[in-house]
Amino acid sequence: MKISFSEISTPSEGVVAVGVMEDRTLGATGRALDEQSGGMLSRALAAGRFSGKKGTSSTVVAPHGLDVDAVILVGLGQPGKIDGRQLRVLGGSVVGKANAAAARTAAVVVDAVDGADMAPPAMAAEIALGARLGSYRFDKYHTKKKDEDKKTLGQLTVMLDDPAAAAEAFAPNDSLASGVFVTRDLVSEPSNVKYPKTISQDIEALVEDGIEVELFDRDRMASLGMGSLLGVAQGSEHEPYLGIMRWNGAPDGADAQPVAFIGKGVTFDTGGISIKPSQGMEEMKYDMAGAGAVIGLMKCLAGRKARVNAIGVVGLVENMPDGKAQRPGDVVTSMSGQTIEVINTDAEGRLVLADALWYTQETFKPRFMINLATLTGAIIVSLGTYQAGLFSNDDELSERLIAAGKESGEEVWRLPLGDRYDKDINSAIADMKNVGKGREAGSVAAAQFLQRFVNDVPWAHLDIAGMAWMKRGDDATVPKGASGYGVRLLDQLVRSHYEA
């Protein structure tokens, strides 16, 4: 779908969306269209329950006196409460309604709103971002589709008095959407297509975006002592990789210390010898969503020329129950030198992250480290599919992540760490074990494990198991399936606090 910006005019085809305030008040363009339609929009407002409340809409089909197929009335709510998050949902909703109406073109009119904190160009940029995010579909493997399932919308025009300013404001959002799409594509692909080697090739392609790339194979990781990561990979025919991405965007003279993002990239997780039940195992193709988010984030930062130095590190493995696979009870030695008793081979993501975190802090001395992982089913029990679990050793970083989550729409909820939980992962024969006390506080035990590999570096762990793959369809900017969760959250964090 192509997105463009233009001055306000009356469309001659497709559908057009106009804003309505909570008191059923039309904007300037809406009033003009109402007049051209002989008051049809006013009558629709007066007759129905739609009142302009935020998040609601009403469609007037084939309005008299207008050449468009339909006018979509979208609720803006109260002027002083209009924000980017609601505008993004509005943009995605318009795309969905346009496709449902089989429209090939659509226009969204952005009039100035008295009392709003956002100017029309900023509003238009957020609407366009939501529209682009809402346009995503992963349908490359469908060979036959019903007409009603096909996307029809090919052109969306956002109309306002200053289209040039809107286009400029949208440019970084466009790069953000591209990063989200990279993540969604990676997570959507089946594991016979995306495994460690092929994802490492995707990482290599990022050099075209100005990102420095380095890939470690099994031998290189063995020479560094990454026994924790390699233990997970030893049962698979697919060779493991550690992918390192560097974006050097900070201007000369700025703080050169980078920020760092680390992702779990288990491209398929059978559970290993501690094998999972067969029901639902096909979903374990998305156990690499943390790595996918880091790759998409790096693509985004480079695309919008973010003024920051950033490191992305992903551990890419497949967890299989081969005759060479590690067994429950095995002891592995991590890069840090700490030993780990592997009680459950299905608690493998933390083993991958342990070496990736240690390598990152030792090599790059970052300002902070944030890791993302579909780490525990327990976090879904705790938080469902509305917020990711946040664990951190740093209050400031946590507060900034929480704020970035609210702004981006990718929310997080902070959960506890502490010495009492930490004791639960002590092992009788090694420095630690990879699980806690049975089913108790499983997400916390996993976070405590990771914390043993970060030393004093400000660090946050995001357990995204409930957010990486959406089965609900109540957000117009997030399709069912791969959500791309994490890219918007972390881009907002960087924009708000870490760019020079």
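**Exercise 1. Find how strands β9 and β13 are joined, and work out which way they run relative to each other: parallel or antiparallel?**

*Solution.* Keep in mind that you're looking at a predicted model.

Step 1. Look at the bridges: four of them join β9 to β13, and the two strands run parallel.

Step 2. Pick one pair to check by eye. Ile262 has Asn371 in β13 as its bridge partner.

Step 3. Now look on from β13 to β17, residues 459–463. Five bridges join β13 to β17, again with a parallel run. One pair to spot here is Leu372 with its bridge partner Leu462 in β17.

Step 4. Go back to β9 and look for β10, residues 309–319. Nine bridges join β9 to β10, and these strands are parallel too. Phe261 stands opposite Gly312 in β10.

Step 5. Put the pairs together: β10 is joined to β9, β9 to β13, and β13 to β17.

**Exercise 2. Decide whether strands β9 and β13 are enclosed or open to the outside.**

*Solution.* You need one cut-off here: a residue is buried when its relative accessible area is under 20%.

Step 1. Take β9, residues 259–269. Eleven of its eleven residues are buried, so β9 is largely enclosed by the rest of the structure.

Step 2. Do the same for β13, residues 369–373. Five of five are buried, so this strand is largely enclosed as well.

Step 3. Check the two faces of β13. Met369, Asn371 and Ala373 point one way, Ile370 and Leu372 point the other way, and all are buried.

**Exercise 3. List buried residues of helix α6, and find which elements they pack against.**

*Solution.*

Step 1. Helix α6 covers residues 196–204. Its buried residues are Pro196, Thr198, Ile199, Ser200 and Ile203.

Step 2. Follow those side chains to their neighbours. On the helix side, they pack against α5 (163–188) and α9 (289–303). On the strand side, they pack against β7 (212–216), β8, β9 and β10.

Step 3. Link this to the earlier exercises: β9 and β10, which the buried residues of α6 pack against, are the parallel pair joined by nine bridges.

**Exercise 4. Thr183, Glu35 and Glu237: which count as buried and which as exposed? Then see how far each lies from a given partner residue.**

*Solution.* The cut-offs are under 20% for buried and over 50% for exposed.

Step 1. Thr183 sits in helix α5. Its relative accessible area is 2%, so Thr183 is buried.

Step 2. Look at what surrounds Thr183. Leaving out residues up to four places away in sequence, Thr183 touches Gly292, Ala293, Gly296, Gly484 and Val487. Take Val487: it is 304 residues away from Thr183 along the chain, yet their C-alpha atoms are separated by 8.0 Å.

Step 3. Glu35 belongs to helix α1, residues 28–36. With 67% relative accessibility, Glu35 counts as exposed. Between the C-alpha atoms of Glu35 and Gly65 there are 9.0 Å, and the two residues are 30 apart along the chain.

Step 4. Glu237 is in the loop between α8 (227–233) and β8 (241–248). Its relative accessible area is 76%, so Glu237 is exposed. Glu237 and Ile275 are 38 residues apart in sequence, with 17 Å from C-alpha to C-alpha.

**Exercise 5. What is unusual about the phi of Ala62 and Ala441, given that neither is a glycine?**

*Solution.*

Step 1. Start with the rule: most residues other than glycine have a negative phi.

Step 2. Now compare. Ala62 has a positive phi of about 45°, and Ala441 also has a positive phi of about 45°.

Step 3. Find where they are. Ala62 is in the loop between β3 (57–61) and β4 (70–77). Ala441 is in the loop between β16 (432–433) and α14 (442–451).

Step 4. Add the exposure of Ala441: a relative accessible area of 34% makes it partly exposed.

**Exercise 6. Does the radius of gyration agree or disagree with that of a compact globule?**

*Solution.*

Step 1. For 500 residues, a compact globule would come out near 23 Å.

Step 2. The protein has 24 Å, which agrees.

Step 3. Add some overall numbers. The C-alpha trace spans about 80 × 55 × 45 Å along its principal axes, and 55% of the 500 residues count as buried. Altogether, there are 15 helices and 19 strands.

Step 4. Finish with the contacts. Of those between residues at least 6 apart in sequence, 77% join residues at least 24 apart.

Conventions: Residues are numbered from 1 along each chain as its sequence is written. This is a predicted model: local features need pLDDT of at least 70, side-chain atom pairs count only at pLDDT 80 or more; totals for chains, interfaces and linings use all residues. Side-chain values use heavy atoms; hydrogens and water are left out. Helices (H or I, at least four residues) and strands (E, at least two) are DSSP runs, numbered from the N terminus. The radius of gyration is taken over C-alpha atoms; the globule rule is 2.2 Å times the number of residues to the power 0.38. Buried means under 20% relative accessible area, exposed over 50%, partly exposed in between (1.4 Å probe, protein chains only). Contact means heavy atoms within 4.5 Å. Two strands pair if DSSP finds at least two bridges between them.
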